[in-house]
Amino acid sequence: TLTVKLHRRAFTGTEVSNQYSLMKPRIDAVPNKMVTSNIALWIDFNYTSSYPNSGTSIYDLTSNAYNWTMVNSPTFFSTYPKCMNFDGSDDVLILTADIAAPSTGAGISLPSANSWSWTFWFKTSAANGVFLSHAGSGPVYCAFRVTSSYLSYRHYNSGWIDDSSTTTNVADGLWHCATFVNSANTMIIYLDGNVEKTSFSSTATNALNPVNMIG
């Protein structure tokens, strides 16, 4: 995982494209066109203020202080682009406030209208795995993941539902940018700034928030 952002509102398609285009050529300063309104969480391993190149603490670059703790020693790569490598088994980052009981719901508070946008960069060769979920241990009701080599959103609605009919193989060992935009329980999945799956229902019988883990 290279960088993760959460906004408390749904992006437009143009904004998703802009974020991808602006983040792809890594620069040191925040670009003028980068969406900063209603930003709830921002971690970026290229900034020492977010991760000081050592230790187990990762710091939120916003004033919300949604800080994270490494569990089971994921590997940090200190050369450009700085990133965290997970073993695909038990390596995770989890909100520090939720470390004692990750399934209790003490994570990030999302809007009651359920309008938010997750953006993160990733590189994987695994056909299946979880990037983000709402809890570090069960019960888990939603997960942003790769399923059969495709980006997918998995949620629980009287049974597990995989919305995995995206069309691009992302298990290719290359860097990709994923954006999941949710507005009133309708989601769009973007890959590298382009729509990968058009609007589909993301409603679950159990609450989707808070989202509080990456791995």
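Biologist: Why does Trp116 count as buried?

Modeller: In this predicted model, Trp116 has a relative accessibility of 0%. Buried means under 20%, so Trp116 counts as buried.

Biologist: And what makes Phe144 buried?

Modeller: The relative accessible area of Phe144 is 0%. The cut-off is under 20%, so Phe144 is buried.

Biologist: Glad you brought up rings. How many aromatic pairs does a search of the whole structure find?

Modeller: The search finds 13 aromatic pairs.

Biologist: Why is the pair of Trp42 and Tyr47 called edge-to-face?

Modeller: The ring centres of Trp42 and Tyr47 are 5.8 Å apart, and a pair needs centres within 6.5 Å. Their planes stand at 75 degrees; over 60 counts as edge-to-face, so the pair earns that name. Both Trp42 and Tyr47 are buried.

Biologist: What makes Trp116 and Phe144 an edge-to-face pair?

Modeller: Here the rings of Trp116 and Phe144 are 5.8 Å centre to centre, with 75 degrees between the planes. The angle to pass is 60 degrees, and the pair is edge-to-face. Trp116 sits in strand β8 and Phe144 in strand β10, 28 residues apart, and the pair links these distant parts of the chain. Ring pairs also link Trp116 and Phe144 into a cluster, with Trp118 and Tyr153 among the other members.

Biologist: How do you know that Arg9 forms a salt bridge with Glu15?

Modeller: The closest N and O atoms of Arg9 and Glu15 are 3.0 Å apart, and the rule asks for within 4 Å. The count by this rule comes to one salt bridge.

Key: Residues are numbered from 1 along each chain as its sequence is written. This is a predicted model: local features need pLDDT of at least 70, side-chain atom pairs count only at pLDDT 80 or more; totals for chains, interfaces and linings use all residues. Side-chain values use heavy atoms; hydrogens and water are left out. Rings of Phe, Tyr and Trp (its six-membered ring) pair if their centres lie within 6.5 Å; planes under 30 degrees apart count as stacked, over 60 as edge-to-face and the rest as tilted. Buried means under 20% relative accessible area, exposed over 50%, partly exposed in between (1.4 Å probe, protein chains only). Helices (H or I, at least four residues) and strands (E, at least two) are DSSP runs, numbered from the N terminus. A salt bridge is a side-chain nitrogen of Lys or Arg within 4 Å of a carboxyl oxygen of Asp or Glu.
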